[in-house]
2 protein chains.
Amino acid sequence: MDGEREHLAGYDPRAYDPVAVTVDVVALTIRDGALHVLLVRRGAPPYAGRWALPGGFVHAVRDAEDLPAAAVRELAEETGLSARDGMLGRVHLEQLGTYGAPGRDPRMRVISVAYLAFAPALPDPEAGGDAADAAWTPVTAARDLAFDHARILGDGLERARGKLEYTPLATAFCAPEFTIPELRAVYETVWGEELHAGNFHRKVLSVPGFVEPTGTTADRGGRKGGPRPRLYRAGDARLLHPALLRPGREQYR
Amino acid sequence: MDGEREHLAGYDPRAYDPVAVTVDVVALTIRDGALHVLLVRRGAPPYAGRWALPGGFVHAVRDAEDLPAAAVRELAEETGLSARDGMLGRVHLEQLGTYGAPGRDPRMRVISVAYLAFAPALPDPEAGGDAADAAWTPVTAARDLAFDHARILGDGLERARGKLEYTPLATAFCAPEFTIPELRAVYETVWGEELHAGNFHRKVLSVPGFVEPTGTTADRGGRKGGPRPRLYRAGDARLLHPALLRPGREQYR
DNA sequence: GAAATAGTGTCTTTCAGACAATATCCC
DNA sequence: GGGATATTGTCTGAAAGACACTATTTC
């Protein structure tokens, strides 16, 4: 049963089980106060015409690229943005997980390495590469996705909710300078819960390295009134201590 | 630049970049009060004679298996234990991450999906499969590993330390029935820090669903005296609320 | 002017950690 | 018996959440 595995040295993958490796990206951003995910419409079967996560094959041998580089490349191709114009430079990217169940692609065995991206507000994508269309889509409207992408998206959302608790990555959804109410809106959007403005404000400022003041204030106050909030930049903390725990999770058993 | 990616439908991986997919397992256990990792000694080049994490190729097409199944199979083959004798049934297994940097395997492009396992005390492994030797090794003595396995092991240890904070998985290192002092020893071993016995005891009992009493006590007290501690089983909680935070991490910036 | 919002103050409850006390058991 | 250990009790400080209050801005 193992004999075929014992000869790694002389192993030729072309003579062995054919496997394809892809990267898929769950790219999240906040638009109009709602959490959006970047989707592309497939132009070819299977699942032609269906929405899917942006992704594609890893350049494995020719122009061999690392996995994160492949994710950045796919993201850049689908959004029409380049990593060099500074827009993608502020995008947070981390590995989400690998999905390789037999049958997840009807044609052959495909192992997909999924990445999770947090992006500030970006322009509408231009469909490129192998996509017939591309759009930022509210996560509540992301249904009937191709392959197992619904599960990958779900895992990405759950990861994002947790990440906001103990890392300062909520700032990755904001412009370089932002206000505490804007940061609170990010938390409320991702968690789907309203937070107490006063307590949130004090809490953010009490965590060392979360945000640092710019000394300036925003151009105007809230939409229906109120004083002009102060502006902040992301601090140098990589973890939040103490963490910003999500409310209402006492009953987890 | 993308033309070659646009024809997924008719794609034949044998004609494309050859990629191999493996699973590697970071299997941790506690022996003699020290954290140990399961290592195998490679019998063939590259890295012949060097210690490495147990792992091997995913059965991708013939007898196609899911990734977790491949990890369980490799673990069973290398330890000589079967999933059916109950020993591996109590092992916790989760995906750790995927490592696919070009050049990490000198022969060809290999994408490795790493898994992390927490095991109770198990017998010594019997070298099987493609391993010349296999042994539980103290993590402090795990040096000069093959490939990028040192980095994978380091990531696994960091993940394990974090998991103990907010999940009840420390119980996965224990026998089905265990005492609070034994559980404390797990935390102290994985975290490398001494914990206050009294506060730890009260804390564990205060987290709902962490442990549940059996109503019995251990055969004997501590090694140098003391009353017989009570026995507990793992509870039904999947997350610890509130969490058991690692001490001494205030200065994280 | 009315209403909404930013930011601060205060109080209560919970929890982490230091320390103490007591009962039990190994050697 | 002596020393170590399990378990419980007490106290202090940090932190979360509820609520109140003031100043500022938009419409």
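Author: Two strands pair if DSSP finds at least two bridges between them. Strands themselves are DSSP runs (E, at least two residues), as are helices (H or I, at least four), numbered from the N terminus. This is a predicted model, where local features need pLDDT of at least 70 and side-chain atom pairs count only at 80 or more, while totals for chains, interfaces and linings use all residues. Residues are numbered from 1 along each chain as its sequence is written, chains are lettered from A and ligands numbered from 1 in the order written, and side-chain values use heavy atoms, without hydrogens and water.

Reader: How do you know that E1(B) and strand E6 of chain B pair?

Author: Count the bridges. Nine of them link E1(B) and E6(B), residues 110–118, in the parallel sense. Two would be enough, so the strands pair. One bridge sets B:Val23 against B:Val113 in E6(B).

Reader: What makes E4(B) a partner of E1(B)?

Author: Three bridges do, to a strand at residues 55–57 of chain B that runs antiparallel to E1(B). That meets the requirement of at least two, so E4(B) qualifies. B:Asp24 has B:Gly55 as its bridge partner there.

Reader: In which sense do E1(B) and strand E2 of chain B pair, and over how many bridges?

Author: Antiparallel, over four bridges, with E2(B) covering residues 34–42. B:Arg31 faces B:Ala34 across that pairing. The hairpin between E1(B) and E2(B) has two residues between the strands. One notable torsion there belongs to B:Asp32, with a positive phi near 50°.

Reader: What makes strand E1 of chain B mostly covered?

Author: Twelve of its twelve residues, 20–31, are buried. Buried means under 20% relative accessible area, exposed over 50%, and partly exposed in between (1.4 Å probe, protein chains only).

Reader: Which residues point each way from E1(B)?

Author: One way go B:Ala20, B:Thr22, B:Asp24, B:Val26, B:Leu28 and B:Ile30. The other way go B:Val21, B:Val23, B:Val25, B:Ala27, B:Thr29 and B:Arg31. All are buried, on either side. In a regular strand, side chains alternate between the two faces of the sheet.

Reader: Why does A:Arg42 count as buried?

Author: Its relative accessibility is 15%. The limit is 20%, so A:Arg42 falls under it. The residue belongs to strand E2 of chain A, residues 34–42. Its side chain reaches the backbone oxygen of A:Pro46 at 2.8 Å.

Reader: What makes that a polar contact?

Author: A polar contact is a pair of N or O atoms within 3.5 Å; within protein, one must be able to donate a hydrogen and the other to accept it, and residues adjacent in sequence count only if both atoms are side-chain atoms. The A:Arg42 pair, at 2.8 Å, is within that limit.

Reader: Which polar contacts reach DNA strand C, and at what distances?

Author: A polar side-chain atom of A:Arg184 lies 3.2 Å from a phosphate oxygen of the strand. In B:Arg220, a side-chain N or O atom is 3.3 Å from a sugar or linking oxygen. B:Gly226 uses a backbone N or O atom, 2.7 Å from a sugar or linking oxygen.

Reader: What makes a residue near DNA strand C?

Author: One of its heavy atoms must lie within 4 Å of the strand. There are 26 residues around the strand, and A:Pro227, A:Arg230, B:Asn199, B:Lys203 and B:Gly226 come nearest. On the DNA side, 67% of the strand's atoms within 4 Å of the protein belong to sugar or phosphate, and the rest to bases. Helices H3 (180–191) and H4 (197–206) of chain A and helix H4 (197–206) of chain B each supply at least two residues of this surface.

Reader: Why are the edge strands in chain A called edges?

Author: Three strands form an open sheet there, ordered E8-E10-E9, with antiparallel pairing. E8(A), residues 178–179, and E9(A), residues 211–217, each have a single partner strand, so one side of each lacks a neighbour in the sheet. Four bridges join E9(A) to E10(A), residues 230–234. A:Pro213 stands opposite A:Tyr232.

Reader: What is the order of the open sheet in chain B?

Author: E8-E10-E9, antiparallel. E8(B) and E9(B) stand at the edges with one partner strand each, so each has a side without a neighbour in the sheet. E9(B) and E10(B) pair over four bridges, with B:Thr217 opposite B:Arg230.
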